[in-house]
Number of protein chains: 4
Amino acid sequence: MSKGTVVLAYSGGLDTSCILVWLKEQGYDVIAYLANIGQDEDFEAARKKAESLGAKKVFIEDLRSQFVENFIWPAVQANAVYEDRYLMGTAVARPCIARRQVEIARREGAQFVSHGATGKGNDQIRFELTCYALYPEIIAPWRIPEFYNRFRGRTDLMEYAQSHAPADLYLMTKNPEDSPNEPDVLEIAFKNGVPVRVTNVKENKSEDTPLDIFSYLNEIGGKHGVGRIDIVENRFIGMKSRGIYETPGGTVLLNAHLDIETFTMDKEVRRIKQGLGIRFSELVYNGFWDSPECDFVRHCIAKSQENVEGKVQLSVFKGQVYILGRESPKSLYNEELVSMDVQGNYDPCDASGFIRINAVRVNYHQLEAKVALLHYSCV
Amino acid sequence: MSKGTVVLAYSGGLDTSCILVWLKEQGYDVIAYLANIGQDEDFEAARKKAESLGAKKVFIEDLRSQFVENFIWPAVQANAVYEDRYLMGTAVARPCIARRQVEIARREGAQFVSHGATGKGNDQIRFELTCYALYPEIIAPWRIPEFYNRFRGRTDLMEYAQSHAPADLYLMTKNPEDSPNEPDVLEIAFKNGVPVRVTNVKENKSEDTPLDIFSYLNEIGGKHGVGRIDIVENRFIGMKSRGIYETPGGTVLLNAHLDIETFTMDKEVRRIKQGLGIRFSELVYNGFWDSPECDFVRHCIAKSQENVEGKVQLSVFKGQVYILGRESPKSLYNEELVSMDVQGNYDPCDASGFIRINAVRVNYHQLEAKVALLHYSCV
Amino acid sequence: MSKGTVVLAYSGGLDTSCILVWLKEQGYDVIAYLANIGQDEDFEAARKKAESLGAKKVFIEDLRSQFVENFIWPAVQANAVYEDRYLMGTAVARPCIARRQVEIARREGAQFVSHGATGKGNDQIRFELTCYALYPEIIAPWRIPEFYNRFRGRTDLMEYAQSHAPADLYLMTKNPEDSPNEPDVLEIAFKNGVPVRVTNVKENKSEDTPLDIFSYLNEIGGKHGVGRIDIVENRFIGMKSRGIYETPGGTVLLNAHLDIETFTMDKEVRRIKQGLGIRFSELVYNGFWDSPECDFVRHCIAKSQENVEGKVQLSVFKGQVYILGRESPKSLYNEELVSMDVQGNYDPCDASGFIRINAVRVNYHQLEAKVALLHYSCV
Amino acid sequence: MSKGTVVLAYSGGLDTSCILVWLKEQGYDVIAYLANIGQDEDFEAARKKAESLGAKKVFIEDLRSQFVENFIWPAVQANAVYEDRYLMGTAVARPCIARRQVEIARREGAQFVSHGATGKGNDQIRFELTCYALYPEIIAPWRIPEFYNRFRGRTDLMEYAQSHAPADLYLMTKNPEDSPNEPDVLEIAFKNGVPVRVTNVKENKSEDTPLDIFSYLNEIGGKHGVGRIDIVENRFIGMKSRGIYETPGGTVLLNAHLDIETFTMDKEVRRIKQGLGIRFSELVYNGFWDSPECDFVRHCIAKSQENVEGKVQLSVFKGQVYILGRESPKSLYNEELVSMDVQGNYDPCDASGFIRINAVRVNYHQLEAKVALLHYSCV
C-alpha cells in the first residue's frame, strides 16, 4: 500500500533520479515535476527518464514568463545584490519553482513535496520556506540519514566529476578574452522601474516582452562575457562557501536600472530605498520571498519606482557594461540649475548659510572663531 | 594698508589665477598653496605663475603619502561608494588639502583661507567644513557677487573650451578598447583591511609602501582602462549633476578588499559594517570627513578590520577586475564544513529544525499544516 | 504704493503683533491668519487686535479636524518620537498651518507669506520648507537685521517675562502630585493603526470622531498629568536646546498604539517599520513633512498598518499609562502555540536544530566541540 | 557506570528538581549550580534540597557584581530596549549565568551542561548560544520526549498553580496606587555612560559601587512602583507571547542615561549610535550576547560613551520617573548660542541660506518660484 503521493522537483540529473527511485522504494507514489525557467535542458529526455524510473506522472512546466515578470523584475527594481556582489539568480528562482510545485501537489492531491537540495545549503531553505508558507509536508532526502548514508558514495563520484570539469562551469557567458572586439550598444527603456524595451542600436533590433527582453540581454551579455564572478559568500546557516556565478542579463539590467533610478528618483527617497533594497536582498537570499516582511518590502520598493522611467544607452564589451547616457521625461536633472555659468534662480549666497549652519555642530567649542563673518555681504 | 593675509588653494589654472589677482585688488596679501596629491602637474610652472601674479609666498606641499595612508586607506576599509557607484576620489582629497591649508594659515599668521570651488558644487562644502572644524575664516569668491559678476564672461569661455574638448576627459585610464589584449595578474596582500603589498605575478614586481602600492595600482588599472564611470549623482545641496570619473587604483582595491573582507569577516559583523560603510560614504561625499560622527564611524570600521588579512589574486583586463582566488590565515571558510560529501560534525538534521522554526512565523495561520511531522526521525 | 500683500501667521501675541506693524511700516498690505489647531485661545480678541493694528483682512481657520486626521494620525501610526523622547506636537502642527497659509495666499493673490519664528529654531524651517514646496515667497523678520536689531529690546523683556513665569508652563496637564487618586480606565479601538473609538470604561462614555477622540484623550491624559517631559534635544541646525513639553493625548496614544501594533503585526515587518518610523520622526522634526521622502515613508508606514486593528485597555494614573490588556480579530498571538503544556504541532526538537544552526557561526573555530551530538534523538 | 557528569543550572524549584532526579535516573552524575544574580532566594535551602535529591556537588555562585558591571552597564550604555518597551532583565542575565556554568564544567571536568528552560522560549537559546560559543555539550530535557512526556502532568499542575496566583507576580515593585505620596529625588552621576554614584538628595545618602548603585535604584524604583509593564512580545522563534515584567532600577537608569547622553553627545553620533543600540537589543534578546557581532556592537557603543559624563537629577513618584535637570563638564549645550536674545556669533541670515538649499530638492519643478529672492539682504 502506498504511503502517499510525493511531488518531486526533478532535474533529470543523478541526484534527483536517485531520490525518485528511493522514494518509490520507501513506498511512495512519485510525481516528477520539471520547471522550465529558461535553463538549457532537454526536457523531453528528462521526461522519458523520469517515466522509466517509475514516475507516476511527469509535469514539465514553462515558468519562464512568470519567472521574469514576478521574480526577476522585482529584483531589478530593488537593485538586488547580496553582500555587495551576488545577483542571486538561484535565490530568485527557488520560490518561483516551489510555488508551482505546491499548486501541483494540491491539484493532484499529493500529501508531500520533495526536492534534491542538500542539507548544508541555502536552497533547501528557500524551497521549504515557500512550501511551508503555502502548506505541504516536505521530504528532504539529503537530511534523512537512511538516504544520505546510502548514496554518499555516488555523490562523491559525481562531485568529483563536477569539480574536475571546470570547462562546463560557465554555460551562458563567453570568456571575456574570447569575446568580440567590437561592443554592442543597447538602449533599454524603463517604466515603473522595469524594462519595457531593449534595442540593439547598431542592428536596429528590438524586444519588448519581459521574457524576450531578458532572454536577449542574457544573449548579448553572455556574448560579451558580462556578469562572471568568483566569490566567497555567507550562507544563511552561517557557513562561508565559494560560489562561481554568471548573470549576464541581470548584470546589464542592474547597471542600467541603477542609472535610470538615480536620474529620476529624489535623492532622499533613494537613500531610504537603498536600505530597503539591501534588506530585500538578504530576505531573498535567505529564502524569505514568501514572507510578510518580503511582501511589505516589495510593496514599498514598487512604490518608489513610480517615476523610474526613461531610456539608458550602454555598451557591452569584454565583460564590462558602460553607461553612455540617459534620458527621461521624469528626470530631476536640471542642466541650467547645475551649470556654473548660468546662475538661474539659485543664489550662491545661500550656500554660505547652508555651510555655516552645517558647521555649527561640527566644531561646537570653536564656534566663536567659526561664525565670525567677513565683511562681504554673503561670504 | 593690507586687509590681511589669505592662504589661497591655488591650482595654477585660470580660475584660481583670477582669484589670486582679484584678492590682491581687494587689498589682501596672498599666499598661494599648491597641494600635490599625485595629480599630473608642472608644479614649478605653477609656482612661477603664482609669483608673477603677485603671490607673497608660494607653498608646494607633497601630501601624497598622507593622502594615501590617512584618507584613501580608510575609504578602502569602508568599501566607500556613494550612491552605489561613485568612488569619491575628489571627496576624499578635499579634507586632506584643507587640513594642510589651515596649518599654513596658522603658521604664517594668515587671517583667511580661500579656494576656487564654485557655489553650486560639493567641493565648497567639503573644503569649508574641514576649515570651520579647524578654525579659520573663509573667502569663497565664487559666492561673492562682486567676483562672479565680473568673471562670468571668462568662465563662460573657459567652460566652453572644456566642454568642447572631451579628449582630455580621462587622464589616467586608457580606453578599454585600446587597452592590452593580455591581462595583468596581481596579488594584493592585506593586513587590518589595508593593502600592504602588491605583486605583479607575471613580472614578479612588488611594491610595499602605501604610496607605491596605490601609484602602481593606478598605473596598472589605468593601463587596462579600469574604473571609468559616467553617472548622474545627487549633490549634497540637492541638485543632480552628471559626472564622468576615473578611479583605476581605487576600483582594483574596492574589488580586492570586498573579497578579502567577506572571506575573513563574520557574516553578521559584515552586515552591520556594511551599513556603517554606506553612512561613511555619505558623510565623506557631503564633506563631513572632519566631524564627530565621521570620526566615530571611522573608528568602528577600523575596529571591524582587525582580521581582514590575507592575499587576493586578481586579473585586470579591458576595463574589468576579475577575482581569481584568495587565501588567509584568518579565513572563516571551512572547506570540510561546507562540503557536501564530508558530513563533519555538522548534522543535516539540524537544518530541518532551523527551517521549521523559521517557518513558524512565515505562515502563522496555517501552522497546523506546517509543523505536521513526517515519520522520519529528523525530516 | 504697496510693496504687495503678505499673509502673516498671526498668534495674537507680542511677537507677531510687532511683525504686523513693522510689515505695514515697510509698505506691505498685511492679511492676518490665525490657525485654530485646538489651542486654548480667544480667537475673537485676536481678530480685533489684528484689525486694530491695521490688518487688511483677518482669517481665523478651524484646522482642528484636519490636524488630527492628516497629521496626528500618521504620527500615531509611525510611533513618532524624536530622539527617543519627544512626541513633536509642534513639529506636526507647522506643516498643517503652513499649508492653509499658502492656500490663503493663493486665493487672496498675496505675493508673500510671513511668520514669527525665530532665526535659531526649528519652526522657521518646518514652516518654510512646506511653503517652498508649495510656492510662495517668504518674509522672515527674525532673520532680517533691520527687524531684529530694532525689536531685540522688547523681546528681551518678553523673554524675561516668560522665563520668570514657569507656572504657565504647563497648560494642558495637571501636576501628577495633584492629580486624582483614582485611575481612569480607557478602551481604545484601532483600525488601520488609528483610533476609531475611545471608551471610558467606568463612566461608559465614548467618542468616535478623530477630533473628539483626540480631544478626549487630551482631557483625560491632562487630568492625570500624563505626558510631561523636560529634555535637551538636538535642533536641526545643530544646536542643543532645552525643551519642556506636554503631550497628554499623544502619550496615551503612543502607548496604546505600540501595544496593538506589536500584537497584530508580524515580527519582521515590525522591525523594518520601526526603522521607517525613526526616519519619519527625524524628517518631521526637521521640517520635511512636505517632501518626496516623507510622502514615501508615510505611504510605507500606512501600508504596514493594514492589520493593526483591535482594542487596548489601559489605565491612566498619576502621570503614567498602564496597559491592562488587548484583543484583536487580527491577532497573531496564539495562546496554545505558546503554552508550555500544550505541545500543539510545534515540535520542541526543532528548537535544537534551530539553536545549533545559529551556533555554527558563533564560534566557528570550536566547531568540532560545538556540534558534537548527544545520544538523545533530538537534543 | 556513569554516563558522565552534568552541571545543571539549578533554581531550587520544581522544574529543575525534577530534571536533577531524572538526570540521575538516566545515569549521569549531577553537579547543581545556583547563580546569585540578586534574586530574592534562600540559597542554603536550595543547597540542601539539591543535596537531598542526589547532587554530587552544589555550587552557589555570587555573580551579582559582575552581572551589574559586565552585563547591565553595557545595556545601560546602549539604552537597550527590545521592541520599544522591554528592558530585558532576563535576556541580559542568561549569558552571565551560562558563562560561569561553563567555567564550572571545565574546572570539574564535566562533559555536559543542562538547564530547565523550555522548548518554546527564548531562554533556551540565550543559554545555549553562550554555551556553544564556549564549548560544552548540552542536555535540554524540555526538548527530550522521554522527559517532557513523563513530566507534563506535573508541569500542568505547577503552571496552573502559578497562573492562579498573580499576587506573586511582582516581586520588586509596589503597586503605584499603594506607593508613597511623596517623591524621592535622586541625582545620578555618570562617567563613560555608566553610573558612578547615586545620591538621594533629601536623605543625603549615596552609593558608589556598581552593585550598590544598582541595588539602591532597584529599591527606590520598586518603592515607587516604577518599571512595570504588561506587553506582548515577539520571541526569537517567531511566536508572540505575553510578558509581565518589572525593572525598577533599569527603568530609572534608562531615563537618566537617555538624558545625559543627549546632553553630551553629538547629534549625528547619537543617530548612528541609536541604530546600533537597537541592533544590540535585538542581539541580546535573541541570545547572541557572546557572538562576534555583539562584541563589535558593544565596542562601538562603548566608544560612543567617552563623553557621556555628568549628573542627572530626577524624581521617582507613583510609577513614573521625571527628569528635573542635568549638568555636565562635557555638555554640548550652549545657553548663549541658543538664546533668542543674544545673537552671539551665530548669524540668523545663515538660516535663510540653509533653508533655501534644503528646499532646492523639495520641490524641484517649482524652483523658479522658490528661489526668487526678496530685496532684503538675507531673507
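**Group meeting: strands, helices and backbone angles in a predicted model**

Good morning. I begin with chain A, whose secondary structure comes to 13 helices and twelve strands. Please keep in mind throughout that this is a predicted model. Of the 379 residues in chain A, 64% are buried. The chain exposes about 13,700 Å², and carbon and sulfur atoms supply 48% of that area. As for contacts between residues at least 6 apart in the sequence of chain A, 69% of them join residues at least 24 apart.

Let me turn to the N-terminal strand of chain A. Strand E1, residues 5–9, is mostly covered, with five of its five residues buried. Which residues point which way? Thr5(A), Val7(A) and Ala9(A) point one way from E1(A), while Val6(A) and Leu8(A) point the other way, and all are buried. As general background, side chains in a regular strand alternate between the two faces of the sheet.

Next, the partners of this strand. E1(A) runs parallel to strand E2 of chain A, residues 29–36, and five bridges join the two. Within that pairing, Val6(A) has Val30(A) as its bridge partner in E2(A). The connection passes from E1(A) through helix H1, residues 14–25 of chain A, to E2(A), and this β-α-β crossover is right-handed. E1(A) is also joined by three bridges to strand E4 of chain A, residues 112–114, again in the parallel sense. There, Val7(A) stands opposite Val113(A).

Chain B offers an account of its own E1. Strand E1 of chain B, residues 5–9, is mostly covered, and five of its five residues are buried. Thr5(B), Val7(B) and Ala9(B) lie on one side, Val6(B) and Leu8(B) on the other, and all are buried, so both faces are covered. E1(B) pairs in the parallel sense with strand E2 of chain B, residues 29–36, over five bridges. One of the bridge pairs there matches Ala9(B) with Tyr33(B) in E2(B). Together with helix H1 of chain B, residues 14–25, E1(B) and E2(B) make a right-handed β-α-β unit. Parallel pairing with strand E4 of chain B, residues 112–114, extends over three bridges, and Val7(B) stands opposite Val113(B) in E4(B).

I now move to helices, first in chain A. Helix H4 of chain A, residues 89–108, has 20 residues and reaches 29 Å from its first C-alpha to its last, close to the 28 Å expected at 1.5 Å a residue. Its buried residues include Pro95(A), Cys96(A), Arg100(A) and Gln101(A), as well as Val92(A), Ile97(A), Val102(A) and Ile104(A). After H4(A) comes Gly109(A), whose phi is positive, near 70°.

That brings me to backbone angles in residues other than glycine. In general, most such residues have a negative phi. Glu83(A) has a positive phi, near 50°, and its place is in the loop between helix H3 (64–77) and H4 of chain A. Is Glu83(A) buried or exposed? Its relative accessible area is 9%, under the 20% cut-off, and therefore Glu83(A) is buried. Asn204(B) likewise has a positive phi, near 50°. Asn204(B) sits in the loop between strand E7 (194–200) and strand E8 (205–207) of chain B. Its relative accessibility is 66%, over the 50% cut-off, so Asn204(B) counts as exposed.

Finally, helix H10 of chain C, residues 292–304. This helix has 13 residues and spans 19 Å from its first C-alpha to its last, close to the 18 Å expected at 1.5 Å a residue. Among its buried residues are Glu293(C), Cys294(C), Phe296(C), Arg298(C), Cys300(C) and Ser304(C). What do the buried residues of H10(C) pack against? In chain A they pack against helix H9 (267–286) and helix H10 (292–304). In chain C they meet helix H3 (64–78) and helix H9 (267–286), and in chain D helix H12 (348–362).

I close with one residue of that helix, Ser304(C). Ser304(C) has a relative accessible area of 8%, which is why it counts as buried. Its side chain and that of Gln305(C) are joined by a polar contact of 3.1 Å. Leaving aside neighbours within four places in sequence, Ser304(C) is in contact with Met265(C), Val269(C) and Lys273(C), and also with Phe296(A) from chain A. Thank you for your attention.

How values were computed. Residues are numbered from 1 along each chain as its sequence is written. Chains are lettered from A and ligands numbered from 1 in the order in which they are written. This is a predicted model: local features need pLDDT of at least 70, side-chain atom pairs count only at pLDDT 80 or more; totals for chains, interfaces and linings use all residues. Side-chain values use heavy atoms; hydrogens and water are left out. Helices (H or I, at least four residues) and strands (E, at least two) are DSSP runs, numbered from the N terminus. The expected span of a helix is 1.5 Å times one less than its number of residues. Buried means under 20% relative accessible area, exposed over 50%, partly exposed in between (1.4 Å probe, protein chains only). Contact means heavy atoms within 4.5 Å. Accessible areas come from the Shrake-Rupley method with a 1.4 Å probe; for residues, only the protein chains shown count as cover. Two strands pair if DSSP finds at least two bridges between them. A crossover is right-handed if, with the strands pointing away from the viewer, the path from the first strand over the helix to the second runs clockwise. A polar contact is a pair of N or O atoms within 3.5 Å; within protein, one must be able to donate a hydrogen and the other to accept it, and residues adjacent in sequence count only if both atoms are side-chain atoms.
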